[in-house]
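Biologist: Could we go through this model together? I would like to begin with the nucleic acid and then turn to the protein chains.

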There are 2 protein chains.
Amino acid sequence: MATSLNSAPENEVLKLDNQLCFPLYAVSRMLTKAYQPYLLALDLTYPQYLVFLLLWEQEPLTVKEIGEKLLLDSGTLTPLLKRMEQKQWVSRQRDPHDERSVVIGLLPAGRALQAQACQIPEQILTKLNMSAAEFTALRTQLNQLLSQLT
Amino acid sequence: MATSLNSAPENEVLKLDNQLCFPLYAVSRMLTKAYQPYLLALDLTYPQYLVFLLLWEQEPLTVKEIGEKLLLDSGTLTPLLKRMEQKQWVSRQRDPHDERSVVIGLLPAGRALQAQACQIPEQILTKLNMSAAEFTALRTQLNQLLSQLT
DNA sequence: CAATGTTTAATTGTGCACAATTAAATTTTT
DNA sequence: AAAAATTTAATTGTGCACAATTAAACATTG
C-alpha cells in the first residue's frame with residue numbers, strides 16, 4: 001500500500017504538532033523518567049515521592065487530604081499507601097474520632113528519607129537547563145491551567 | 001499525635017508548591033480527563049487517540065515509527081495496537097521486506113473516526129480558556145523542554 | 001559463508017490511574 | 001430516634017507506562 005498523506009487544511013487541527021496535549025503528556029512522562037535514577041536509589045516511585053513531599057511538609061494526613069492535594073483517588077492511593085506501609089515508611093490507621101478516615105503518618109524510615117531526597121530538586125533543575133525565571137514562569141502558567149481544569 | 005509542621009528553609013526545595021514536576025503531572029492527567037467525554041463517545045482512550053492523530057496524518061507507520069513519535073515502547077504499544085485491531089480500526093501485519101517490522105495501517109472504521117474527531121480540539125480549547133497566543137507560547141515552551149529531556 | 005552483533009516486536013511483571021461499585025461510618029432530615 | 005443522604009476507603013476491572021527479558025530477523029564482520 002502506498003503511503004497516504006492527508007494535509008487538507010481542515011485536518012490541520014488534528015495534527016500532533018498542533019496539539020498542546022501531547023507535549024504536556026510527553027514532558028510529564030519524560031520528567032518522571034528524569035527523576036528515575038534518583039528515586040530508584042531511594043527505592044521510591046514518582047507518585048510515592050509526591051506523597052512524601054506532602055508528608056515531610058505536614059503530617060499526619062488522611063487519605064482524603066492526600067487525594068485532594070495530589071488529585072488522586074482511593075483506587076490509586078490505597079494500594080500505593082499499602083506498599084509504603086509494607087516498607088515501614090508510613091503508618092495507616094483509622095481515625096478513632098471518625099472511623100471512615102484513614103490517617104497516614106510518617107514512620108522513622110520514611111522521615112529519614114527526607115535527608116536523602118533534598119538533593120533531588122537541584123539535580124533535576126540542572127537537567128532542565130532552564131533559568132530560575134523560566135522555571136517559575138512555567139510553573140505559574142501550569143498552575144493557572146491546573147486551576148482552570150479542576 | 002500532634003500535627004508537625006516542618007518549614008525549615010533547608011526543606012523549601014522539597015515543598016510540593018515549589019516543584020515544576022507536580023503541575024506538569026497534574027495538568028497532563030487533568031487534560032486527559034478533559035478529553036474523556038469526547039473520546040468516550042468514540043470509544044477511544046487518550047493514547048489510542050494519539051496513535052490516530054499520527055495515522056490520520058500519515059499511514060501506514062511501523063510500530064517503531066509510532067513509538068519514536070509518541071515516545072512509547074512496544075510494551076505499551078503492542079497491546080494497545082492489538083486492542084485497536086480488535087475494534088477493526090487498524091491493520092497489523094509484518095513488513096514482507098523486513099519481517100522484524102510490524103506495519104500499522106488504517107482500516108475504513110479507523111479512517112471514518114477522523115470526521116468525528118475533528119471537532120475535539122476546538123472544544124478542548126474552549127475548556128482551557130486560553131488565548132491562541134498563550135496556547136502557542138506554552139506549546140513552544142513545552143516542546144523545548146521536551147527536546148531537552150529526550 | 002559462518003559467527004557475531006544489531007534491530008525490532010513481543011512478552012512478563014510491577015505500579016500506577018481511574019471509572020464504577022461496595023460497604024461501613026457519620027451526618028442530616030423527618 | 002429512625003430513615004435517608006452523605007462521606008470515606010476499599011475493591012474490582014481495564015488500560016496504560018515502563019523496565020527487563022526473549023526471540024526472531026536482519027546486518028556486519030572476519
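Biologist: Which residues come nearest to DNA strand D?

Modeller: This is a predicted model. In it, 28 residues lie around DNA strand D, and those that come nearest are Tyr25(A), Ser74(A), Lys82(A), Arg92(A) and Thr45(B). Of the strand D atoms that come within 4 Å of the protein, 81% belong to sugar and phosphate.

Biologist: What is the make-up of that surface by class?

Modeller: The surface near DNA strand D has 12 charged, 10 polar and 6 nonpolar residues. Elements supplying at least two residues each include α4 (74-86) and β5 (98-106) of chain A, and α2 (46-57) of chain B.

Biologist: Which atom of DNA strand D is 3.4 Å from the side chain of Arg100(A)?

Modeller: A base oxygen is 3.4 Å from an N or O atom in the Arg100(A) side chain. Lys64(A), by contrast, has a polar side-chain atom 2.8 Å from a phosphate oxygen of the strand. From chain B, the side chain of Arg83(B) has an N or O atom 2.9 Å from a phosphate oxygen.

Biologist: Changing topic, how much area do chain A and chain B bury between them?

Modeller: They bury about 6300 Å², with 67% of it on carbon and sulfur atoms. Each chain gives 62 residues to the contact.

Biologist: How many salt bridges are found across that interface?

Modeller: The rule finds 0 salt bridges there, whereas 12 residue pairs are in polar contact. On the side of chain A that touches chain B, α1(A) gives the most, with 13 residues. That side divides into 40 nonpolar, 14 polar and 8 charged residues.

Notes:
Residues numbered from 1 in each chain as written. Chains lettered and ligands numbered in written order. Predicted model: local features only at pLDDT ≥ 70, side-chain atom pairs only at ≥ 80, totals over all residues. Heavy atoms only, no water. Contact = heavy atoms within 4.5 Å. Buried area = accessible area lost by both parts, 1.4 Å probe. Salt bridge = Lys/Arg side-chain N within 4 Å of Asp/Glu carboxyl O. Polar contact = N/O pair within 3.5 Å; in protein donor to acceptor, adjacent residues only side chain to side chain. Helix = DSSP H or I, 4+ residues; strand = E, 2+ residues; numbered from the N terminus. Nonpolar A, V, L, I, M, F, W, Y, C, P; charged D, E, K, R; others polar. Near = heavy atom within 4 Å.
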